[in-house]
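Student: I have a structure to go through and not much practice. Can we take it step by step?
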Amino acid sequence: MVVFLANPKISKDLGLVRDGFLPVTIRETGVSDFEKLAKYYFEFYGELKENPQLGLTLFDNKPGMLDEMGWFISFQKACETGDALGLVAIESEEIVGFCEVDRRKPTSAVSHRGGLGITVKKGYRGKGIGTMLLKGMIEMCRKRGLEVLELEVFVGNEHAKRLYQRLGFKRYGLHPQAVKRNGTYIGEELMFLKL
Ligand SMILES: CC(C)(COP(=O)(O)OP(=O)(O)OC[C@H]1O[C@@H](n2cnc3c(N)ncnc32)[C@H](O)[C@@H]1OP(=O)(O)O)[C@@H](O)C(=O)NCCC(=O)NCCS
């Protein structure tokens, strides 16, 4: 289990020197996180309505609790077999950040690669939580023997791109019509990190 207690000393070690410091715990996801993780995820549907530029691709209709449970069960199973990895950031017992990696086609010629997703709750961004989650995840992926991490990021998502570049991700392409939102295409940059 990876645990970083984000006290000032540790945050300094991780290169996180920020004002408005928050005591945040970063740990692996577990079965008991389901309800909080579902609540955390559902909040992005509200945020996307307010901000159509939000750099996340969600389903057209918010999934129900049962769909969410189905996703969570397969995710946790994959975590147990080493085909997925999840980290949550916790503040005051609430989930304020989540990072996941899914191994590409387990037991195949591409299973050395993992697809990464990361989010931090609105109001908690720009404080170093994303950096802590991503650093922890990179370390965990190395330990589990993954060799490459890859992701897609909206071309205009400057905060996210800066974070990925800072931690060593390289751009290897651009999909100009990756997302179609409200009839308009949004391009995605493709990035990877050699672990
Ligand atoms: C992208 C995201 C995960 C980064 O997490 P975070 O906790 O904000 O990241 P950090 O604070 O560690 O670093 C983000 C960088 O943006 C800067 N920043 C400044 N204000 C910010 C703000 N309001 N929001 C986000 N980042 C901000 C930070 O200073 C930092 O820049 P630096 O690398 O030059 O120091 C988070 O912003 C997020 O969830 N965004 C919405 C969902 C999303 O876009 N996910 C990524 C999909 S590819």
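Tutor: Start with residue classes: Ala, Val, Leu, Ile, Met, Phe, Trp, Tyr, Cys and Pro count as nonpolar, Asp, Glu, Lys and Arg as charged, and the others, Gly among them, as polar. This is a predicted model, in which local features need pLDDT of at least 70 and side-chain atom pairs count only at pLDDT 80 or more, while totals for chains, interfaces and linings use all residues. Residues are numbered from 1 along each chain as its sequence is written.

Student: OK, so what classes of residue make up the shell around the ligand?
Tutor: That shell has 8 nonpolar, 8 polar and 4 charged residues.

Student: And how many residues surround the ligand, and which are the closest?
Tutor: There are 20 residues around the ligand, and the closest are Gly 55, Arg 125, Gly 126, Gly 130 and Thr 131. A residue is near a molecule if its C-beta atom, placed from the backbone, lies within 6 Å of it.

Student: Which element gives the largest share of the shell?
Tutor: H5 does, with 5 residues. Strand E5 (113-120), helix H4 (129-143), strand E6 (148-154) and helix H5 (158-166) each supply at least two. Helices (H or I, at least four residues) and strands (E, at least two) are DSSP runs, numbered from the N terminus.

Student: Switching topic: how many helices and strands does the chain have?
Tutor: The chain has 5 helices and 8 strands. Their order from the N terminus is β-α-β-α-α-β-β-β-α-β-α-β-β.

Student: Back to H4. Which of its residues are buried?
Tutor: Among them are Ile 129, Gly 130, Met 132, Leu 133 and Cys 141. A residue is buried if 20 or more other C-beta atoms, placed from the backbone, lie within 10 Å of its own. Over the chain's 195 residues, 26% count as buried.

Student: Why does the span of H4 agree with its 15 residues?
Tutor: At 1.5 Å a residue, H4 should span 21 Å, and its end C-alpha atoms are 21 Å apart, so the two agree. The expected span is 1.5 Å times one less than the number of residues.

Student: What comes after H4?
Tutor: Gly 145 follows H4, and its phi is positive, near 85°.

Student: Last one: parallel or antiparallel, how do E5 and E6 run?
Tutor: Parallel, joined by 3 bridges. E5 also pairs with strand E4 (residues 94-103) in the antiparallel sense, over 7 bridges. Two strands pair if DSSP finds at least two bridges between them.

Key: Buried ≥ 20, exposed ≤ 12 C-beta atoms within 10 Å, placed from the backbone.
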